[in-house]
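Grab a coffee and try a few short exercises on the model shown here. Have a go at each task before you read its solution.

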There are 2 protein chains.
Amino acid sequence: MTENFTDEEKQGFYKAIYSRRDVRSHFISKPIEDEVLSKILNAAHHAPSVGFSQPWNFILIKDQDTKKKIKESFEEEKNRSSQLVEEPKKSKYLSFKLEGILESPVNLCVTYDPTKFGPFVIGRSSIPEAGLYSVCCAIQNLWLSARTENIGLGWVSILSNDTLKETLDLPEHVIPIAYLCLGYVDEFAEKPDLETKGWLPRLELKDVVFFEKWNDKENKNWEKIQKMIKENLDYA
Amino acid sequence: MTENFTDEEKQGFYKAIYSRRDVRSHFISKPIEDEVLSKILNAAHHAPSVGFSQPWNFILIKDQDTKKKIKESFEEEKNRSSQLVEEPKKSKYLSFKLEGILESPVNLCVTYDPTKFGPFVIGRSSIPEAGLYSVCCAIQNLWLSARTENIGLGWVSILSNDTLKETLDLPEHVIPIAYLCLGYVDEFAEKPDLETKGWLPRLELKDVVFFEKWNDKENKNWEKIQKMIKENLDYA
């Protein structure tokens, strides 16, 4: 497997990267085909994992009672967290559509099981969180795969993990990492909703890249790439 | 942006997903072009982030003294962690090539800054780790983009984060998430090294997917997909 990617293959990959969105309000009722869903899950399962520990599980959810309990937890947590922010941001925050739990045909909880293949997992002794990082890589694979299949995905993090654990019968040692809403959509927005609505701006690449040390933006060994990044070339 | 992906575009995406590897031993001396490196960084920067907080930074490293310090930390941590495992696994573990710090032309530290756009970030009040999850999504974007550009990437998690923080001048509140080695390679292996070497097996998809609740593998609402997953169809 040393062959290069063709221009068209690269284009497909970057299309997934740049057109992926966190979707909350464009779900349509069309069900997700089982074959498509299994493709997406398989892509997630082929993520990298520390010491090849594959510490993820995926719980598919269609049951309306389950969805309603999670939605209630979302509403509680949304109200609770709104107390942390001052007006006028508070009203703006409360006006946002931040989940599609009931409208999306499939909900999916991704969990982390630190006991799988344990206790000794290569690469997890110095940095115990590495197992959790692997689960996040699987989620990103899943998200990008969903996009190539034209499935929208929204990650709901405004909810109580205790409610999730209880509702989904998770064992004590299993940690819920993500609660995702999946479904076909009538549109993928051009930009993230929070950018469009003026909540926060997209940072420029030059604001997030340093050279050799934290906060070093000038280093003569990296002059050409510094210039390229500053000029904000579009490489997509 | 509602257009479908063409078959060729999908193929490019899934090629990245299934041929990506964690690379430690196939680096060649060919330098990475600045344009390619900036493409990879830009793909990482277009990951999803909780509340659009974009909490990542990328520190590019070529300095040999820095690399040597990190390599020393790796050796120390590798020896320390080998004490946690019994023979004959211990000798096997110690025989593995687990990093390419000095052989890869570019090292890259990806960090998490919880203060960016803080303290109130949408979606981070109930689950504070959500910011850290965003950084991992960026790392996976970076990894897949590297693969499409034929760049190998190895994630070194056998090292001390304290050493990383000190060596790279990270502020107290900034958390190093990943230390990555990047470079062109003469081969992407067909399978993960730890699978080839018999350390751990690849789990089957049916072992990691549940329906409606933890550990439920039989549910009549999901009969067709359960059957598909059990039959281990290749959807790639």
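**Exercise 1: Strand partners**

Task: In E2(A), which residue is the bridge partner of Asn57(A)?

Solution: Look across to strand E2 of chain A, and you'll find Thr111(A) as the bridge partner of Asn57(A). Keep in mind that this is a predicted model. Next, step back to the strands themselves: E1(A) and E2(A) (residues 106-112) pair in the antiparallel sense, with six bridges. Then bring in chain B, where strand E5 (residues 209-211) runs parallel to E1(A) and is joined to that strand by three bridges. In that pairing, Ile59(A) has Phe210(B) as its bridge partner.

**Exercise 2: Covering a strand**

Task: Are the two faces of E1(A) covered or uncovered?

Solution: Start with the count: six of the six residues in E1(A) (56-61) are buried. Now split them by side. Trp56(A), Phe58(A) and Leu60(A) sit on one side, Asn57(A), Ile59(A) and Ile61(A) on the other, and both faces are covered.

**Exercise 3: One helix, two sides**

Task: Where do the buried residues of H3(B) fall when you look down its axis?

Solution: First list some buried residues of H3(B): among them are Ile70(B), Phe74(B) and Ser81(B). The buried set falls within an arc of 160°, so these residues line one face of the helix. They pack against several elements of chain B, including strand E1 (56-61) and helix H6 (161-167). Now flip to the other side of H3(B), where Asp65(B), Glu72(B) and Glu76(B) are exposed. Finally, check the start of H3(B): a side-chain oxygen of Asp63(B) comes within 3.0 Å of the backbone nitrogen of Asp65(B).

Conventions
Residues are numbered from 1 along each chain as its sequence is written. Chains are lettered from A and ligands numbered from 1 in the order in which they are written. This is a predicted model: local features need pLDDT of at least 70, side-chain atom pairs count only at pLDDT 80 or more; totals for chains, interfaces and linings use all residues. Side-chain values use heavy atoms; hydrogens and water are left out. Buried means under 20% relative accessible area, exposed over 50%, partly exposed in between (1.4 Å probe, protein chains only). Helices (H or I, at least four residues) and strands (E, at least two) are DSSP runs, numbered from the N terminus. The arc is that of the directions from the helix axis to the C-beta atoms. Contact means heavy atoms within 4.5 Å. A polar contact is a pair of N or O atoms within 3.5 Å; within protein, one must be able to donate a hydrogen and the other to accept it, and residues adjacent in sequence count only if both atoms are side-chain atoms. Two strands pair if DSSP finds at least two bridges between them.
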